[in-house]
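Take a moment with the sequence and the 3D view below. The tour begins at one residue and works outward.

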Amino acid sequence: MYMIKSIARTVNQLGPNQAHGPHQTALGILSRVAGHEAAVSANPHEPRPESDGGCIEAFARLVAEAQACRACPRMEGRVRLLGPANGPLRPRLCFVAEAPGRLGGDRTNIPLCGDQSGRNFERLLAAAQLDRASVFVANAVLCNPRDAAGRNAPPSSTEIRHCSRFLAATLDLLQPPYVVALGAVALRALARIELHGATLAADVGAVIPWCGRSLIPLYHPGPRAQLHRPYARQAEDFRKLGALVRVDDGAH
Ligand code: SF4
């Protein structure tokens, strides 16, 4: 976690214009990704340390492409939250959340970190006995959508459609055996890549074959989702998720 925060600080120090602009070159990103990957690979908890140079370079190119993206007008000036702080490049598990929060990822440059959703997510990961440094956290959209009053807002269907190419490319690069959709928006975004037929209400916690991997729908860790799935039940969902991943790890 400390390492992830350090990397995010580095990105923060670039400032928003530099982080979005031409200074964020594939080469610059590559050096940070490579450094990050080396550090993660040295972690004994890292389950799949076999990232190759091709994957690192391809990720750096994808990050540079995302930083330059201007497809959604209302995302102007927002962080494009894709980079080394999202997680390792060969994770067993990739979470897909909704979008960076105004006080979360858009401020900290770390997905699900710094706001109430992030704090809940940390607690849920702890309940699952999953190490944050071993999982990748993606989003249905890479930028923080806000309403006219400057509050967090859900991404529109158009924004999800625009950004699905980054989500698809990220999953294609990472090849995680498990993809965990955190909430209905993440499920909708994943259905754009390949139909899965799952709904949150009917399939929470189910393991669904999808795109040659296992898709697991869970509720978003944000406070609003707790109206539908109280924290204690979410913690139980995460405990089962952790047990599932560990059983599967033992079989490898
Ligand atoms: S949300 Fe995605 S598609 Fe839209 S501007 Fe941000 S990076 Fe581009």
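Start at valine 96. Setting aside neighbours within four places in sequence, valine 96 has contacts with Ala138, Asn139 and Ala140. Its partners also include Leu167, and then the run Val179, Val180, Ala181 and Leu182. Ala186, Ala189 and Leu190 complete the list. Keep in mind that this is a predicted model.

Where does valine 96 sit? It belongs to strand β1, residues 93-97. This strand is mostly covered, with five of its five residues buried. In a regular strand, side chains alternate between the two faces of the sheet. Now look at the two sides of β1. Leu93, Phe95 and Ala97 are on one side, and these residues are buried. Cys94 and Val96 are on the other, and they are buried too. Both faces of β1 are therefore covered.

Next, follow the pairing. β1 runs parallel to strand β3, residues 178-182, and four bridges join them. Strand β2, residues 136-139, also pairs with β1 in the parallel sense, again over four bridges. Cysteine 94 shows both pairings. In β3 its bridge partner is valine 179. In β2 it stands opposite phenylalanine 136.

Which residues touch the most other members of the largest nonpolar core? They are Cys94, Phe95, Val96, Ala140, Val180, Ala181 and Ala186. The core holds 60 residues. Its largest share, seven residues, comes from helix α3, residues 53-68. Nonpolar side chains tend to be buried together in soluble globular proteins.

Helix α7 spans residues 184-193, and alanine 184 is found in it. Is alanine 184 buried or partly exposed? It counts as partly exposed, because it has 19 C-beta neighbours inside 10 Å, and a buried residue needs 20 or more. Now compare sequence and space. Alanine 184 and glutamate 98 are 86 residues apart along the chain. Their C-alpha atoms are separated by 8.3 Å.

Turn to the ligand. How many residues surround it? The number is 13, and the closest are Cys69, Cys72, Cys143, His162 and Cys163. Helix α6, residues 157-174, gives the most to this shell, with four residues. By class, the shell has 10 nonpolar residues, one polar and two charged.

Two glutamines in loops deserve a look. Glutamine 129 lies in the loop between α5, residues 116-128, and β2. Its phi is near 55°, a positive value in a residue other than glycine. Glutamine 129 is exposed, because its count of other C-beta atoms within 10 Å is 12. The second is glutamine 175, in the loop between α6 and β3. Glutamine 175 is not a glycine either, yet its phi is positive, at about 50°. With 14 C-beta neighbours inside 10 Å, glutamine 175 counts as partly exposed.

Finally, step back to the whole chain. The protein has 252 residues, and 46% of them count as buried. Its secondary structure comes to nine helices and five strands. Along the sequence, the pattern reads α-α-α-β-α-α-β-α-β-α-α-β-β-α. Consider the contacts with a separation of 6 or more. Residues 24 or more positions apart account for 72% of them. Valine 96 is an example to return to, with Leu182 and Leu190 among its contacts.

Notes: Residues are numbered from 1 along each chain as its sequence is written. This is a predicted model: local features need pLDDT of at least 70, side-chain atom pairs count only at pLDDT 80 or more; totals for chains, interfaces and linings use all residues. A nonpolar core is a set of buried Ala, Val, Leu, Ile, Met, Phe, Trp, Tyr and Cys residues joined through C-beta atoms within 7 Å. Two residues are in contact if their C-beta atoms, placed from the backbone, lie within 7 Å. Two strands pair if DSSP finds at least two bridges between them. A residue is near a molecule or strand if its C-beta atom, placed from the backbone, lies within 6 Å of it. Ala, Val, Leu, Ile, Met, Phe, Trp, Tyr, Cys and Pro count as nonpolar, Asp, Glu, Lys and Arg as charged, and the others, Gly among them, as polar.
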